[in-house]
Amino acid sequence: RPPAPMPCPPYPRTPDGGGLEARAEMITTATQANGTNGATQMVYTAAPRTTVVQSARQVSGAAAAPMLPGSCRTLPTTVMQQPNGTATTVLKQVNSTAFAAAPAVVLSPGAARQRMERLSDQLEGCEEAESLRRADLAQRMGMPEESSFDEGDGLVSPPSPGAIPWPGEEPIFEEGFTPRAMLGLTNNIRKACTNFDENLGGPAVVSPGLLLSMLAKAEDMLVRKGSKALIEMQPPPGERVVIVGDLHGQLKDALWIFYRYGLPSEAGGNCFLFNGDIADRGRFAVEIYVLVIGWMLTFPGAVFINRGNHEDVLVNTSRSGGFYEECIQKYPGFGRQVFEAFGKFFAALPLAYLLGPNGAKILVVHGGLPRVPSQFISTLKHMAPRGPTVSMRTSSLAEVVVKDCLWSDPQESNGQGVSTRGASLMAFGPDVTLNFCQQELVGFIVRSHEVPPSGEGFAFMHQNRLCTVFSASNYKGIEHNSGAVLLITSADLAMGNLAKSVRPEVYYSPVLSQVCQMDFEPPKECLESELELQFLPQTPSARKLREETRRISAAQVEAVTKFFIKSDDPNGELNQDEVVQIVGELVVAHKEELWQGFWERDLGLRHVPPSRCGFVSFEVWKDVCHTVLGPKVCWDSVGMVLSIAEKLPPHMGGVDYNRFLHRFHINLQEEGCVRVTWMEATLAFLVDKMLKMAVQEMLDLFDQDKNGRLSIAELAEAFRRLDAGLSSAQVRALFLTFATHCDGCPEDDIEVECFISALVVAAREQSEQHQSKHARARSAWPRWASRYLRLLGKDIWEQGKGEHQMLALFKSFDADNSGLLEPSEFVKIMLTLQAACRHPGELSLPEAALQELARLSDFDSSGSVSYIEILLALQPTDTALGGHVRFDLFEQICSTVWCNKEALLRALHNLDPDKTMRVNADTLNKALHQLNTTIGGECKSKRPLLGFQIEALVAHINLDEDGLVDYNAFLDAFQVKDVAR
């Protein structure tokens with residue numbers, strides 16, 4: 001049972017007073033009902049899911065009232081045990097007899113959730129590795145890296161409206177960053193965020209003028225101190241130092257830490273060291289920076305900040321980031337200025353702190369040790385000023401040290417290894433840590449950078465010489481982990497007593513709306529009158545008593561919060577959403593490599609004779625994913641989440657790899673700034689090339705070896721001769737489509753007739769949707785003609801004859817072997833088709849009407865009808881592979897934009913010196929061409945996009961009345977879609 005609450009002064013104030021103790025007692029009593037080890041499994045009458053565990057991907061709108069652990073009205077109130085004293089959870093059964101044949105996986109409450117949490121953490125490493133790859137491309141975009149950060153003297157001057165203080169900010173503007181003014185700003189932020197949802201975010205609560213001024217002052221303060229990479233403090237400052245790990249935009253944790261341990265104070269000796277990664281992922285990084293930087297300006301000797309790997313402008317724009325979007329959304333018109341001001345501030349931050357005397361020094365660094373540990377300290381001491389982004393392509397020792405100390409991770413085995421975050425990153429073992437500590441007279445290393453596997457917010461490793469501390473509790477709203485801080489007692493550290501000076505403390509922050517209701521004890525500097533000092537005596541024992549009271553009260557709130565949040569998601573369903581999302585993004589980014597790996601190990605190749613079937617074994621699927629997407633992921637669990645194993649014979653337990661790959665694709669948002677008619681323009685260009693070709697000429701073009709089948713090499717050569725505007729990757733995408741859908745039997749080649757038919761129907765479907773010239777021509781046809789051709793074509797394809805019969809008839813009635821049909825020959829084909837249809841009475845036209853049909857089918861009015869024109873006129877849109885052709889062809893184009901958003905955004909920023917966030921069509925065209933050249937280099941065949949495709953895409957951008965487009969909206973129009981959801 002939690003300790004009884006001690007007498008509590010007005011600071012802190014907790015909502016619902018005694019109700020908290022009653023609920024804590026309820027939880028403890030229920031836990032003890034089946035023993036004393038706390039392992040009892042319980043169920044409760046569940047209330048509907050509330051905003052405590054709502055996914056950040058929830059659709060915006062009127063938010064439900066937040067579930068407050070301090071409110072009985074919204075919490076479940078009945079706790080009961082099942083008759084057998086336990087409660088169990090069965091994993092959602094996979095749609096696969098391969099898994100169904102195994103014994104059912106039965107997990108206790110929380111075990112399924114813990115499995116999903118581990119899987120989510122593993123995939124996050126893959127996601128960061130992908131982000132690093134894209135960041136590397138962005139750094140190679142060919143323009144000066146610092147071009148948008150080195151204008152002027154480093155002090156950004158916002159437009160005049162941004163310089164107007166918002167209500168409550170007047171004291172800061174009038175007095176500067178005095179303790180009382182900063183306390184007022186802290187309380188304003190706390191109260192303004194009370195009604196915000198921590199997962200959905202909210203509008204800005206600090207004016208852009210104040211924020212830009214604060215960043216400029218903080219940057220100037222760091223620059224005047226030399227922008228040192230290593231800060232040594234001996235003796236350590238104050239009475240104690242609270243080391244805070246990753247916060248990742250979770251304001252609730254930052255406020256909860258200040259509530260539990262007090263606000264910074266130089267006079268009170270209460271110091272804080274934030275060990276990086278304040279930005280990204282969460283929705284309130286701006287507010288956390290305002291609090292941390294504001295108190296740093298108020299008490300330079302009590303607040304310190306280390307740089308983390310997410311204090312990097314390229315990482316901030318990546319999919320593993322989010323801070324760039326936060327700045328843009330919170331400060332329309334000022335977002336670019338705010339973001340670049342943060343970039344300058346990041347560049348000035350130190351990379352490491354050394355606290356304490358020789359032999360008992362504590363090294364505080366965000367990631368860990370570099371691959372050259374013997375030169376770590378000396379390199380930091382002599383390091384030149386750094387930039388707003390960290391180079392992934394290192395060319396000097398200093399660059400290696402910077403990258404490693406921000407990105408490296410510890411490992412259990414000795415030596416150095418490859419990090420799970422990417423091949424260019426490293427991991428270091430216990431021997432590396434011990435040797436470094438011995439050589440540099442360091443007693444202990446504190447780092448952050450990752451959620452400890454235990455989920456407790458901290459983890460000791462390497463013979464207790466290294467500690468990971470992570471401060472974002474319930475990370476991303478789905479991890480259910482505890483947060484932690486590390487308390488360093490300055491007096492003990494100064495005496496060299498490491499064991500006594502270092503103490504981790506674990507916590508679990510309540511939801512944001514409740515944390516914002518807590519009042520903070522003001523720092524000692526704010527207490528000026530005798531009455532204030534009497535009310536809050538500042539003797540060490542009095543301060544310690546009040547802090548202990550706050551901790552006890554906080555522990556009770558945390559116990560209730562943690563219980564109900566975990567109980568509301570016992571199976572980790574929210575983690576499942578993130579797992580599917582990350583896997584989908586990885587699949588889209590590596591679809592071609594995955595398909596190649598599956599294609600080469602198709603189960604059908606084991607048969608005699610070998611014939612691909614489109615399936616691989618589950619073990620092969622895991623192995624390919626392990627090789628292509630990431631080696632440190634439990635792909636067994638991913639397969640269960642995605643339900644990928646086949647349920648029925650003859651491939652029971654196998655994986656339909658084409659269906660798996662087609663499950664995830666890039667979707668172009670219709671309501672976005674890109675009109676999807678650009679797809680029709682590209683397809684129409686290709687079909688027009690073939691429109692007037694004689695049938696044999698067209699067949700010879702594609703079927704170069706005259707065997708009636710089309711290989712990838714033949715397809716690529718045919719498009720090259722046509723000058724059709726398809727890159728090699730797009731040709732492979734088309735072939736993948738046919739290999740997936742032609743007769744359900746993928747082979748090394750496909751039927752030529754099927755390919756031509758599907759290509760035509762793809763163009764027809766797209767043109768009808770967006771009214772191309774062919775669609776406009778058909779829309780002007782008489783109703784009888786449209787109905788006749790539609791029904792006749794449907795009858796032909798439903799009989800299974802389709803393109804094979806059409807091609808045979810075309811050749812047989814082409815009397816002069818010209819490859820084109822005269823009107824009389826067209827009429828003979830129609831009469832033959834009428835006689836062979838299943839309902840000749842309903843589909844019967846006289847020759848005069850058929851002559852008119854021949855005229856209508858001659859789209860280019862040349863006096864003859866080509867094979868392509870017959871297919872355009874006759875083939876129904878709900879047959880063949882038209883939709884799939886269009887889907888795969890344009891996904892490759894869309895994925896080029898989506899996979900390289902960071903690089904494209906960097907190019908657009910450099911081409912937008914006025915920071916308007918809008919560009920004209922020519923500028924966007926230039927940025928896309930620059931991206932294309934950077935990816936492919938001088939070899940045009942390696943460029944993913946062709947010139948006319950870029951022109952077609954830009955031509956179909958929705959420009960505003962000024963002829964400009966918001967390039968952030970343009971990039972956001974490309975999204976990954978899971979067609980299974």
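How far apart along helix α19 are E547 and R551, in residues and in helical turns? I'll come back to that pair in point 6; here are my notes in order.

1. A word on the source before anything else: this is a predicted model. The protein has 981 residues, 60% of them buried, and its secondary structure comprises 40 helices and 26 strands. The accessible surface is about 37,700 Å², with carbon and sulfur atoms holding 53% of that area. Among contacts with a separation of 6 or more, 75% link residues 24 or more positions apart.

2. On the interior, the largest nonpolar core contains 223 residues, and F345, W621, F702 and I756 have the most contacts inside it. Helix α8 (residues 285-298) supplies the largest share of this core, with 11 residues. A second core stands separate from that one; it has 31 residues, including V390, M392, V442 and L466. As general background, nonpolar side chains tend to be buried together in soluble globular proteins.

3. I756 is a good residue to click on if you would like to look around the main core. Setting aside neighbours within four places in sequence, I756 touches M690, M698, L699, F702, Y867, I868 and L871. One of these, F702, is also on the list of residues with the most contacts inside the core.

4. Next, a sheet that I enjoyed tracing. Five strands make up an open, mixed sheet, in the order β8-β7-β6-β17-β18. The edge positions go to β8 (303-305) and β18 (502-507); each has a single partner strand, so one side of each lacks a neighbour in the sheet. From one strand to the next, the twist averages 20°. At the β8 end, β7 (residues 270-274) runs parallel to β8 and is joined to it by three bridges, with F272 opposite V303. Helix α7 (residues 251-261) lies across β6 (240-244), β7, β17 (483-489) and β18, and runs at about 120° to β18.

5. The structure has 38 salt bridges, and the one between K476 and E124 deserves your attention, with its closest N and O atoms 2.5 Å apart. K476 sits in the loop between β16 (466-469) and β17, while E124 belongs to helix α3 (residues 111-139), so this pair ties together parts that are 352 residues apart in sequence. Both partners are buried: K476 has a relative accessible area of 19%, and E124 has 11% relative accessibility. Since the cut-off for buried is under 20%, please read the label on K476 alongside its value of 19%.

6. Back to the opening pair: E547 and R551 are four residues apart in helix α19 (residues 540-568), which means about one helical turn separates them. Their salt bridge brings the closest N and O atoms to 2.2 Å. E547 is buried at 12% relative accessibility, and R551 is buried at 13%.

7. For contrast in surroundings, take R855 and E852, whose side chains form a salt bridge at 2.4 Å, N to O. They are three residues apart in helix α34 (residues 847-857), again about one helical turn. Here R855 is exposed at 53% relative accessibility, while E852 is partly exposed, with a relative accessible area of 26%.

8. Lastly, a network to inspect. Salt bridges with shared partners connect E124, E128, R281, D409, R421, R447, E450, K476 and E578. The pair from point 5, K476 and E124, therefore belongs to this network.

Terms used:
Residues numbered from 1 in each chain as written. Predicted model: local features only at pLDDT ≥ 70, side-chain atom pairs only at ≥ 80, totals over all residues. Heavy atoms only, no water. Helix = DSSP H or I, 4+ residues; strand = E, 2+ residues; numbered from the N terminus. Buried < 20%, exposed > 50% of the residue type's maximum accessible area, 1.4 Å probe, protein only. Contact = heavy atoms within 4.5 Å. Areas by Shrake-Rupley, 256 points an atom, 1.4 Å probe, with all protein chains shown as cover. Core = buried A, V, L, I, M, F, W, Y, C linked by side-chain atoms within 4.5 Å. Pairing = 2+ DSSP bridges. Axes fitted to C-alpha atoms, helices over the stretch in contact; angles between N-to-C directions. Salt bridge = Lys/Arg side-chain N within 4 Å of Asp/Glu carboxyl O.
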